[in-house]
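Me: I would like to go through this protein with short questions. Please reason briefly each time and finish on what I asked for.

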Amino acid sequence: MMTSGASTGRTLGKAYEPQTSEAHWYAFWNSRGYFKPVDRGKGPYVVIMPPPNVTGELHMGHALFSTVEDILIRFHRMQGYAALWLPGADHAGIAGQWVVEKELAKRSLTRHDLGRDAFVAEIWDWMETYQERIKAQLRSLGASCDWSRYVFTMDPGPARAVRVAFKWLYDRGLIYRGERLISWCPRCMTALSDLEVDHVDVQGSLWHIRYPLADGSGDIEVATTRPETMLGDTAIAVHPDDERYRSVVGKDVILPILHRQIPIVADEAVDPAFGSGAVKVTPAHDPNDFEIGRRHNLPFVTVMNFDGTMNDVAGPFAGQTIEAARAGVVAQLDAEGLLVRAEPHLHAVGVCDRCGTVVEPMISKQWFVRMKELAEPAIEVARNGTVKFVPERFTSVYLNWMENVHDWCISRQLWWGHRIPIWYCQACGAVSATDEEVLHACPVCGSRQVEQDPDVLDTWFSSGLWPFSTLGWPERTEDLATYYPGHLMETGYDIIFLWVARMIFFGLEFMGEAPFHTVYLHGTVRDAHGQRMSKTKGNVLDPTLISAEYGTDALRFALITASGPGNDLKMSTERVEASRNFANKLYNATRFALGAIEKVEIARDADGAPLLPEASALAPVDRWIIDLLARTIESVTRLTEEYQLHEAGRTLHEFIWSEFCDWYIEAAKVRLRPETFDPVVPQVLAYVLERALRLLHPSMPFVTEELWQHLPHVGDALIVAPWPEVEVRYESDAAAFESVKDVVRQIRNARSEHGVEPARRIGAEIYAGALSETFLSSRAELEFLARLDPTAVSFHSGEPQGRDNCAAIVTADVTVLLPLAGLIDVDAERARITAEIAAADAEIERAQAMLSNEQFIQRAPAHVVDGHRQRLAAATERREALEKRRSELR
């Protein structure tokens, strides 16, 4: 007897109920330990989950990465690999602190009201609550990750890894502290890396200002979008080859408002074609000016406070906000007659990627990582193919950034995160790095008067260690030895620099090899109109709500078939609904198949899987679907291995819905009638459907497990069933039955065009030539599917004879005459055939054009050239048959 759902206590109802099914099967898989890696002879396959930020609910982007990674893990698990998908969550640094600060604000509190320790404790409470929510949401999405290995970036293990890594780099001289111009967020009150700054276009003004020459001989005009920064100007710069200013280089101008003398310098960075060709230089508040200032030894005058107000150096504007000072400076320049004009100007402004506040370039003492030495091996592994990017075009994107990388600012003026493991001795002034959680005494003088640096590390520092800190590094654990390096890093293309690059160079630095060999980059999930999803636009699709309404399988399948790697995808409830309909179609098809399967004893192989019947017992339609299954297995396996998961999903959809359900099951009904029951059909249904469910399982795990359990099958659970392999091919038989399908389609079209009622059966004269045996063997299916009258169907050899009032079906191999006396419109039939002749002519012209191209003949693969020759021959033969039929119409 076949294995059925009885072993799990479930029956197959009339309709699929995803909520009940999903909860049951996820608990079943988890309780039996199927998410843990078990080596079945192929060795490990490792994916380290990109840790979601613990700052709230998961969004559609999380649903996408969870789907992609789960498909690949389930696929490799079924192939026999020890598939490890290691889950975790990220403390989120700035974002984590900010979300809790917003919660405090609702209670009219700030972090300063609580103090550092109490505030951090408040964040820990938040993190623990939301970690559980995120775990539950990932489970609801079907994530088959090993929850026993779950890691949080602030757990003791990763925290120690951060300290060890910091000290390692510090001792090698690759971490240093220095004053640099950094991007500063006045709202978050912290330094930002370049990658944490977004740039948005803002409609502002371009103010043109006159700077009087100190000797009274004239003035120089400059333009700026930030007039308040002129209070920190320490020079005017011009290009050394600009003839207009040769005579004034070396002279001084008077800084308006503050009346300070500043020099005119010549620097090649100045674009003489922009504006007047002269620019104001504010080294302390502009990255380009910073470099000019260093080259010319200019003073660095800071005129802003870190909270976004002007400082005492700003003179009469001290204490004002930046916006107020801007307005005040413009008004005073106008009053002094030094404002030439103001004009509208669209320009890019840097904003904090967390809170949206305008970022200020500020001189600040921060901790940095020297990037040159770390970048070189990370560049080499991408160049030599050790690390491959999917899609490949992102290799050049990665290399371009790495080849031009700047030193990385890693300190953040926050309270939440990994505290920088630097300690300052108050007695002797020593600065010490340690990998211990607490330094109790100065290693230089022994004093216990030591204080830790108040800053925390950029969250991407700990994230960069993720592929090996999650496996126990710096300890040499068994997991680290077994599962490092991993195989795949799947993440969004928008964090290729923030995260992927850092994992690569840290893996090379600390482990001696890259942490993975493939980087799969997915795109952004957008709404149906291609717009970014945002709460302000009201176009956000919540994956939790969507899966609750339509089922998780429907959401997963909609996501994975929407677009390929590296491309953004459009998502809508209509797309999810279509995927739900697919799940329902599969469910109903299985219920139909089970009705036949339960009437016979299904033959099984040694493992318990349904066997193929003997070839001699198979009808043409059986051979066709078995061969199509084999082709589908080959295609889906290849496409999945090539990371074309969207095409693999579409291939399965086409096979299951269009071929298996709409053709094979419909054709099989002929041999399932009581009077003509053929036990071969249930055997073929069981064989094909069981393997189709295995193919579909990684994409739609819940419905496939539910249905598979009711079929004859191998093992206890589909999640660990072996991936199907091609067992037999019937290529020529399959091609022959495709001609039967083609004839059925064309008869249906002819019936529709001639207005034949669906229930009415018609006759047919069939001239099948070399395919006569296939058509005769498929007569019952042909009559049933095309609604033909069995008493009026005849098969003929030779060429068709001219007949009046007949519609003609002409394919490359077969001609069918439909005697539609009293139903056919001769003029309409002639017009239809003429249109088909035109289509054949177009095909002939295309094939002839290709075959007359000598370069094509010489360079194209032989099978491609042969394909064009075959198309030309088929189109020519078809045209001759159509022309003959048209001439016979009277």
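Me: How many cavities of 30 Å³ or more does a search of the whole structure find?

Reply: This is a predicted model, where local features need pLDDT of at least 70 and side-chain atom pairs count only at pLDDT 80 or more, while totals for chains, interfaces and linings use all residues. Residues are numbered from 1 along each chain as its sequence is written, and side-chain values use heavy atoms, with hydrogens and water left out. A cavity is a set of points, on a 1 Å grid over the protein atoms alone, where a 1.4 Å probe fits but cannot get out. The search of the whole structure finds 5.

Me: What is the volume of the largest cavity?

Reply: Grid points are joined across faces, edges and corners, and a volume is the space filled by probe spheres set on the points. For the largest cavity this gives about 90 Å³.

Me: Which element gives the largest share of the lining of the largest cavity?

Reply: Lining residues have an atom within 4 Å of a point. The largest cavity has 13 of them, with Ile71, Val636, Thr640, Ala648 and Ser699 nearest its centre. Helix H2 (60-78), helix H18 (620-641) and helix H19 (645-668) each give two or more residues; helices here are DSSP runs (H or I, at least four residues), strands are E runs of at least two, and both are numbered from the N terminus. The largest share, 4 residues, comes from H19.

Me: How many residues of the lining of the largest cavity are charged?

Reply: Asp, Glu, Lys and Arg count as charged; Ala, Val, Leu, Ile, Met, Phe, Trp, Tyr, Cys and Pro count as nonpolar, and the others, Gly among them, as polar. The lining has 10 nonpolar and 3 polar residues. Charged residues: no.

Me: How many aromatic pairs does the count come to?

Reply: A pair of aromatic rings is described by the distance of the centres and the angle of the planes. Rings of Phe, Tyr and Trp (its six-membered ring) pair if their centres lie within 6.5 Å; planes under 30 degrees apart count as stacked, over 60 as edge-to-face and the rest as tilted. By this rule the count is 38.

Me: Are the rings of Trp408 and Phe461 stacked, edge-to-face or tilted, and why?

Reply: Trp408 sits in strand S16 (residues 408-409) and Phe461 in helix H11 (residues 459-464), so their pair ties together parts 53 residues apart in sequence. The ring centres are 6.0 Å apart and the planes are at 35°, so the pair is tilted.

Me: Is Phe461 buried or exposed?

Reply: Buried means under 20% relative accessible area, exposed over 50%, and partly exposed in between (1.4 Å probe, protein chains only). Its partner Trp408 has 3% relative accessibility and counts as buried. Phe461 has 0%, so Phe461 is buried.

Me: Which residue forms a salt bridge with Lys280?

Reply: A salt bridge is a side-chain nitrogen of Lys or Arg within 4 Å of a carboxyl oxygen of Asp or Glu. The structure holds 57 salt bridges. For Lys280, the closest N and O atoms are 2.9 Å apart, and the partner is Asp233.

Me: How many residues apart in sequence are the parts that Lys280 and Asp233 tie together?

Reply: Both residues are buried. Lys280 lies in strand S12 (residues 278-281), and Asp233 in the loop between strand S8 (219-224) and strand S9 (235-238), so the parts tied together are 47 residues apart.

Me: Which residue has a cis peptide bond from Val390?

Reply: Most residues other than glycine have a negative phi, and most peptide bonds are trans. Here the bond has omega near 0°, which is cis. The residue is in the loop between strand S15 (388-390) and helix H10 (394-403). Its name is Pro391.

Me: What is phi of Ala92?

Reply: Ala92 is in the loop between strand S3 (88-89) and helix H3 (93-105). With a relative accessible area of 2%, Ala92 is buried. Its phi is positive, in a residue other than glycine: near 75°.

Conventions. On a 1 Å grid over the protein atoms alone, a cavity is a set of points where a 1.4 Å probe fits but cannot get out, and a pocket is an open set with protein on both sides within 12 Å along at least five of seven lines; lining residues have an atom within 4 Å of a point.
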